[in-house]
Amino acid sequence: MDSPRWIRLFWYGSFAFIVLILTVLLFVANLYYGELNQDEGWYLYAGRLILEGQVPYRDFAFTQGPVMAYVYALAQPLVKLWGVAGGRLFTGLIGLLSALAAAVLAARLVRPRFRSGAALIAFILIMVNVYQSYYFTVVKTYSLCSFFLVFGFLFLREALELRSRAAVFLAGMAFVLATATRSSAGIVLPVVFCLLALDRRTLFRSACVFFALGAAFMAALVFGPFLLLTPDNFLFMVLRYHTLRESGTVGARLLFKAGFISRLVQAYLPAMTIGATLVVFHLFKLNRIRNRKWIPPPPNTERLSRMIWISVAAVSLVHLLA
């Protein structure tokens with residue numbers, strides 16, 4: 001017999017409150033005691049130079065997309081007050097918004113009765129994780145890039161719900177903003193475009209066209225001025241600087257790649273374990289062993305979930321190959 005609704009709400013609310021406390025404690029610990037990363041001061045200094053009227057790639061070197069520098073120009077009042085800690089506070093707030101958006105996305109990908117649980121689990125896997133909390137606090141590209149990526153997929157989810165061309169257009173814009181924050185996120189654009197073009201049942205026939213239009217529009221806004229102003233510097237800093245770097249001999253490169261895989265698995269072990277378990281259940285239909293009827297998610301959201309997983313795998317592959 002199911003327990004009364006108010007009891008379920010009480011336990012869910014109590015657990016959510018504990019999760020919130022742990023999130024705040026991890027954030028404060030990383031803000032004050034997290035190891036200083038060599039990029040933090042440079043990103044904050046770039047934001048200051050922009051406020052002083054300088055232009056990235058033309059007046060000073062900057063090895064990430066322009067969105068990162070211009071957004072962190074907004075953090076300068078906090079930086080003037082508290083230095084790097086102010087930049088970390090700004091980053092942490094963006095990271096928190098990203099995690100909340102990811103929780104909303106998780107809830108929107110399951111049936112209504114599972115939404116609260118899916119949202120809470122997604123938030124826990126992101127924010128009650130020392131590794132992820134650190135990189136969502138220190139002044140790096142991960143927090144802001146995640147923000148745009150998650151909102152891109154949220155726009156695609158709303159496009160499914162409303163059959164909205166405008167939402168697909170906004171998704172294309174969001175993914176370009178993610179790319180203009182961290183270059184490796186750029187692989188998501190062709191992945192999503194191809195999946196929309198190949199699977200027209202998910203949205204509508206012209207979805208890939210509106211996605212491409214949104215991406216092209218935003219790319220012209222954020223990349224166009226620098227390609228016109230200083231094309232050689234811009235292309236070197238955001239592309240060649242990253243692709244021309246090497247880690248030494250073949251053996252050294254393989255060692256780095258093995259380290260990447262090891263770190264990834266260890267840092268996200270709970271998520272990896274849950275994901276592997278779900279894959280096994282799906283492949284071998286183990287739910288039948290317990291004689292319970294499997295209730296799949298709605299077909300369109302299942303396709304969107306597959307699109308998200310392929311995009312995550314593609315970004316990880318880019319990092320591995322780099």
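## A helical chain and its aromatic pairs

For a chain of 322 residues, a compact globule would have a radius of gyration near 20 Å, and the protein chain has 21 Å, which agrees. Keep in mind as you look around that this is a predicted model.

### The chain as a whole

Let us begin with the overall picture. How many helices and strands does the protein chain have? There are 16 helices and 0 strands. Along its principal axes, the C-alpha trace spans about 70 × 50 × 45 Å.

Next, consider what is inside and what is outside. Of the 322 residues in the protein chain, 42% are buried. The accessible surface comes to about 18300 Å², and carbon and sulfur atoms own 70% of that area.

Contacts tell you how the chain meets itself. Take the contacts with a separation of 6 or more: 72% of them are made by residues 24 or more positions apart.

Charges can be looked at in a similar way. The protein chain carries 30 positive and 12 negative charges, and the mean positions of these two groups are 12 Å apart.

### Aromatic pairs

Now for the rings. A pair of aromatic rings is described by the distance of the centres and the angle of the planes. In this model the count comes to 20 aromatic pairs. One of them joins Tyr57 and Phe234, whose ring centres are 5.0 Å apart with 80° between the planes, so the pair is edge-to-face. Tyr57 sits in the loop between helix H2 (40-51) and helix H3 (66-73), while Phe234 belongs to helix H13 (residues 231-243), so this pair ties together parts that are 177 residues apart in sequence. Both Tyr57 and Phe234 are buried.

Another edge-to-face pair is formed by Tyr72 and Phe90. Which parts of the chain does the pair of Tyr72 and Phe90 tie together? Tyr72 lies in helix H3 and Phe90 in helix H5 (residues 84-108), so the pair ties together parts 18 residues apart in sequence. Tyr72 and Phe90 are both buried as well.

Here are the two pairs side by side.

| Aromatic pair | Centre to centre | Angle between the planes |
|---|---|---|
| Tyr57 and Phe234 | 5.0 Å | 80° |
| Tyr72 and Phe90 | 5.2 Å | 70° |

Rings can also join up into groups. Ring pairs link Tyr43, Tyr57, Phe62, Tyr70, Phe223, Phe226 and Phe234 into a cluster. Try finding Tyr57 and Phe234 in the structure, then look for the other members of this cluster.

### Tyr72 and Ala73 in helix H3

Tyr72 deserves another visit. Is Tyr72 buried or exposed? Its relative accessibility is 0%, and because buried means under 20%, Tyr72 counts as buried. Leaving aside neighbours within four places in sequence, Tyr72 is in contact with Tyr43, Leu44, Gly47, Gly87, Phe90, Thr91, Val139 and Lys140. From Tyr72 to Tyr43 there are 29 residues along the sequence, and their C-alpha atoms are 7.3 Å apart in space.

Ala73 also lies in helix H3. With a relative accessibility of 8%, Ala73 counts as buried. Which residues does Ala73 touch, leaving aside its neighbours within four places in sequence? Its contacts are Gly47, Ile50 and Leu51. The C-alpha atoms of Ala73 and Leu51 are separated by 6.3 Å, although the two residues are 22 residues apart along the chain. Gly47 appears among the contacts of Tyr72 and among those of Ala73.

### Arg5 in helix H1

Arg5 is found in helix H1 (residues 5-33). Its relative accessible area is 58%, and exposed means over 50%, so Arg5 counts as exposed. How far apart in space are Arg5 and Gly53? They are 58 Å apart, C-alpha to C-alpha, with their places 48 residues apart in sequence.

### Two positive phi angles

Finally, look at the backbone of two residues in loops. Tyr57 has a phi near 75°, a positive value in a residue other than glycine. As its relative accessible area is 3%, Tyr57 is buried. Arg163 is not a glycine either, yet its phi is positive, about 55°. Arg163 is found in the loop between helix H8 (142-162) and helix H9 (165-179). With a relative accessible area of 40%, Arg163 is partly exposed.

Conventions: Residues are numbered from 1 along each chain as its sequence is written. This is a predicted model: local features need pLDDT of at least 70, side-chain atom pairs count only at pLDDT 80 or more; totals for chains, interfaces and linings use all residues. Side-chain values use heavy atoms; hydrogens and water are left out. Helices (H or I, at least four residues) and strands (E, at least two) are DSSP runs, numbered from the N terminus. The radius of gyration is taken over C-alpha atoms; the globule rule is 2.2 Å times the number of residues to the power 0.38. Buried means under 20% relative accessible area, exposed over 50%, partly exposed in between (1.4 Å probe, protein chains only). Contact means heavy atoms within 4.5 Å. Accessible areas come from the Shrake-Rupley method with a 1.4 Å probe; for residues, only the protein chains shown count as cover. Lys and Arg count as positive and Asp and Glu as negative; His and the chain ends are not counted. The place of a charge is taken as NZ of Lys, CZ of Arg, CG of Asp or CD of Glu. Rings of Phe, Tyr and Trp (its six-membered ring) pair if their centres lie within 6.5 Å; planes under 30 degrees apart count as stacked, over 60 as edge-to-face and the rest as tilted.
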